[in-house]
Amino acid sequence: MSVISALADGCQRVLRAPVLVIGLWAAYVLVPSPVALVRIDSYVALVDAGAMDAAPALVSLLWSSSAAVAHAALVTFLLGGFMDRLARNRPTATFGFFGACGMFAFRFARLGLIAVPIYMGLFRWVHPMLPTDHLASTIALGLLVVAVHVLFDYAKVRMVVEDRRSAIGALLASTRFITRNPGAALTLAIVNGSIAAGTWWLAATFTIGPSAAVYAYLLARALLRLIFAASQIALFQSRLAHAGYTARPQASWPESPAAEAVRPS
């Protein structure tokens, strides 16, 4: 499957599951309201100031907010159910969705404990070591962040699709997949990142305040977040032929006449 095919497949999976979009949008709106609604103007100002100047301030802003921590915890909990539904590409019912949420929440949390110091190290130690030229530093840091982001994204994909429990094992498996498919994995990340950047630029272009525009932006953010996850899942399943492993057919009652005697009334 090509990058474009994976992106198209991801879009189709998300469009067939509108409840996921509404659920993630509700999480963005209801839980982190102090961050998403009151401080969104600060985000836009940071973007206008430039990516490198914005990054340290943005990290400080996010981590100083208890609402952001609550938001991150909720999204981490829901993400397993979202990804499981997208990987199976069929309805999983309420018990199946929340069962996947509970099963993968702690696994994703362990991944997060590994990811946080790596991201902090990029901004605190690697960034000062980069060239002083503003554009070159921005590009270099951006590439490093994308590489780390892709690594952890596919670790989550392998956890969900293959039911992996070990965070270290999932990261090693993610590394193997990326090294075997570097062009497709990185190209898909760049395409997804470009779409996200374009959405953010549009949000920064227009005046954003606590109004309908904010909710529209959060809806677009939720939709894109799910499409990006679905496209990565589609690419992985197509390259390693794991589609049947996770998206197994839904159980149905046998059609044998002998089954009529035990069919529930």
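**Exercises on a helical chain**

Helix 7 passes helix 9 in a right-handed crossing, meaning that the near helix is turned clockwise from the far one by less than a right angle. Helices here are DSSP runs (H or I, at least four residues; strands are E, at least two), numbered from the N terminus.

The model is predicted: local features need pLDDT of at least 70 and side-chain atom pairs pLDDT 80 or more, while totals for chains, interfaces and linings use all residues. Residues are numbered from 1 along each chain as its sequence is written, and side-chain values use heavy atoms, with hydrogens and water left out.

**Exercise 1. The helix 7 and helix 9 pair**

Find the angle at which helix 7 and helix 9 pack and the separation of their axes, then list the residues that make the contact.

Solution.
- Step 1: helix 7 covers residues 93-129 and helix 9 covers residues 167-180.
- Step 2: their axes (lines fitted to C-alpha atoms over the stretch in contact, with angles from 0 to 180 degrees between N-to-C directions) are 9 Å apart and meet at an angle of about 70 degrees.
- Step 3: the two helices are therefore roughly perpendicular to each other, the class for 65 to 115 degrees (under 35 is roughly parallel, over 145 roughly antiparallel, the rest oblique).
- Step 4: helix 7 supplies R110, L111 and I114 to the contact, and helix 9 supplies A167, I168 and L171; contact means heavy atoms within 4.5 Å.
- Step 5: sorted by type, the residues of this contact are five nonpolar, no polar and one charged. Ala, Val, Leu, Ile, Met, Phe, Trp, Tyr, Cys and Pro count as nonpolar, Asp, Glu, Lys and Arg as charged, and the others, Gly among them, as polar.

**Exercise 2. The chain as a whole**

How many helices and strands does the chain have, and what percentage of its residues counts as buried?

Solution.
- Step 1: there are 12 helices and zero strands, so the order of elements from the N terminus is α-α-α-α-α-α-α-α-α-α-α-α.
- Step 2: of the 265 residues, 41% count as buried, that is, under 20% relative accessible area (exposed is over 50%, partly exposed in between; 1.4 Å probe, protein chains only).
- Step 3: take the contacts between residues at least 6 apart in sequence; 75% of them join residues at least 24 apart.

**Exercise 3. Cysteines**

State how many disulfides a search of the whole structure finds, and classify C11 and C101 by accessibility.

Solution.
- Step 1: the search returns zero disulfides, a disulfide being a pair of cysteine sulfur atoms within 2.5 Å.
- Step 2: C11 has a relative accessible area of 26% and is therefore partly exposed.
- Step 3: C101, at 0%, is buried.

**Exercise 4. Two buried side chains**

Locate F82 and Q232, and list the residues that each touches beyond four places in sequence.

Solution.
- Step 1: F82 belongs to helix 6 (residues 66-88), and its relative accessibility of 4% makes it buried.
- Step 2: apart from sequence neighbours within four places, F82 is in contact with L20, G23, L24, F97 and L226.
- Step 3: F82 and A230 are 148 residues apart along the chain, yet their C-alpha atoms are separated by 9.2 Å.
- Step 4: Q232 sits in helix 11 (residues 212-240) and is buried, with a relative accessible area of 7%.
- Step 5: Q232 touches D153, Y154, V157 and L188, again without residues up to four places away.

**Exercise 5. Positive phi**

Which location and accessibility go with N89 and with A93?

Solution.
- Step 1: N89 is not a glycine but has a positive phi of about 60 degrees.
- Step 2: N89 lies in the loop between helix 6 and helix 7 and is partly exposed at 30%.
- Step 3: A93, also a residue other than glycine, has phi near 65 degrees.
- Step 4: A93 is found in helix 7 and is partly exposed at 45%.

**Exercise 6. C-alpha pairs**

Give the C-alpha separation for V69 and V31, R176 and L151, and F123 and V145.

Solution.
- Step 1: V69, in helix 6, is partly exposed at 45%; V31 is 38 residues away in sequence and 9.9 Å away in space.
- Step 2: R176, in helix 9, is partly exposed at 36%; R176 and L151, 25 residues apart along the chain, are separated by 9.9 Å.
- Step 3: F123, in helix 7, is partly exposed at 23%; F123 and V145, 22 residues apart, are separated by 9.4 Å.
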